[in-house]
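Dear colleague,

Please find below the structure that I am handing over to you. I would be grateful if you read the notes that follow with the structure open beside them.

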Amino acid sequence: MSDDELSLEGGLFEEPEGFLPPPPESHFATYKRKNPQADPQEITMKLVGKSPLWGHMLWNAGIFTADYLDKHADTLVRGKKVLELGAAAGLPSLICSLNGCEKIILTDYPDPDLISHIQYNFEELEKKTKLSSYSVKGYIWGNDIKELIKGDKTNNIEEKDKFDLIILSDLVFNHTEHHKLLSTCRQSLKRDGGKCLVVFSPHRPKLLQEDLKFFETCEEYQFKAEKIDLINMNPMFEEDEETIEIRSRVYSFFLNPTW
């Protein structure tokens, strides 16, 4: 071969070893319960390294939800059937399981990595203390709830099978999915005494009104929104100072059935 000829042998166009960065590794986050008598005092969770569904972070809304459920466990959790949608690390569900719910079903998008991390968090906590009955499932909002509740699509759902509490923590930012979320809640929640607990932060301040439309759309599904609280926490992301107050907000609502 002359000096002017080019050989493709030897992997000329192969990426050198280490050229592509490895995917982010799983990491851990620790939540400290506010009740000094609570046991255990701290819950450590394993989170995915990266997720397009934002399941790799412990959100302010999740912390507020966990605090609220821990504080109001006697009325909202103990002895109740609970469902969490978009659970991410599963913190609110872990709190429900620690507080004696009858059972907790926690769901997120059926990504094997995401689901395995949630399962890991429950299994690790269960090594340290007693937990209520739990089940981790992949579920896409708006899909048939029979398999979610009964385990298959053949059995009919009766009122007694439905949930007393449905948790939606930091989900309303997904504006295109509002109707699917509410459809699942409408089909899954008990008519008498059931509540959806909805908590969120406006991470995109310009779209706050689109977030809040969720609480108007809920009326199409025979829910009545009831505001619980509005607090401020350190914003999740560093952005412009002009929007810091809006981004620090944590809104909380109940959705109460009216059917």
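Is Asp192 buried or exposed? Asp192 has a relative accessible area of 61%, and it counts as exposed because that value is over 50%. Please bear in mind throughout that this is a predicted model.

**Salt bridges**

Side chains of opposite charge can pair when their charged atoms come close. In this model, 14 salt bridges are counted. One of them joins the side chains of Asp192 and Arg191, with 4.0 Å from N to O. Whereas Asp192 is exposed, Arg191 is partly exposed, at 38% relative accessibility.

A further salt bridge links Asp161 with Lys160, where the N to O distance is 3.4 Å. The two partners may be described in turn: Asp161 is buried at 9% relative accessibility, while Lys160 is exposed at 52%.

Glu210 and Lys213 also form a salt bridge through their side chains, at 3.1 Å from N to O. Glu210 is partly exposed, with a relative accessible area of 32%, and Lys213 is partly exposed as well, with 39%. Apart from this pair, there is a network to note: Glu159, Lys162, Arg191 and Asp192 are joined into one network by salt bridges that share partners.

**A buried serine**

Helix H6 covers residues 178-188 and contains Ser188. The relative accessible area of Ser188 is 0%, and Ser188 is therefore classed as buried, the cut-off being under 20%. Beyond its neighbours within four places in sequence, Ser188 is in contact with Leu83, Ile145, Ile149, Lys162, Phe163 and Ile166. One of these contacts, Lys162, is also a member of the salt-bridge network described above.

**Positions annotated in the record**

An unreviewed UniProt entry places the feature "binding site" at Trp59, Gly86, Ala87, Ala88, Asp108, Trp141 and Ser169. Two of these positions are described here.

Ala88 is located in the loop between strand E3 (81-85) and helix H3 (91-98). Ala88 is buried, with a relative accessible area of 14%. Its phi is positive, at about 55°, although Ala88 is not a glycine.

Trp141 sits in the loop between strand E5 (133-138) and helix H5 (146-150). With a relative accessible area of 15%, Trp141 is buried too. Leaving out residues up to four places away in sequence, Trp141 touches Leu85, Gly86, Leu171, Asn174, Glu177, Lys180, Leu181 and Thr184. Among these, Gly86 is itself listed under the "binding site" feature in the UniProt entry.

**Backbone details**

Where does Gln222 lie? Gln222 is in the loop between helix H8 (214-217) and strand E8 (223-232). Gln222 has a positive phi of about 65° although it is not a glycine, and it is partly exposed at 34% relative accessibility.

The peptide bond from Asp39 to Pro40 is cis, its omega being near 5°. Pro40 belongs to the loop between E1 and strand E2 (42-47).

Glu25 is placed in the segment before strand E1 (27-32). Glu25 is exposed, with a relative accessible area of 70%. Its C-alpha atom is separated by 9.1 Å from that of Leu47, and these two residues are 22 residues apart along the chain.

With kind regards

Note on methods: Residues are numbered from 1 along each chain as its sequence is written. This is a predicted model: local features need pLDDT of at least 70, side-chain atom pairs count only at pLDDT 80 or more; totals for chains, interfaces and linings use all residues. Side-chain values use heavy atoms; hydrogens and water are left out. Buried means under 20% relative accessible area, exposed over 50%, partly exposed in between (1.4 Å probe, protein chains only). Helices (H or I, at least four residues) and strands (E, at least two) are DSSP runs, numbered from the N terminus. Contact means heavy atoms within 4.5 Å. UniProt positions are given in the numbering used here, feature names are shortened, and annotations may be inferred rather than shown by experiment.
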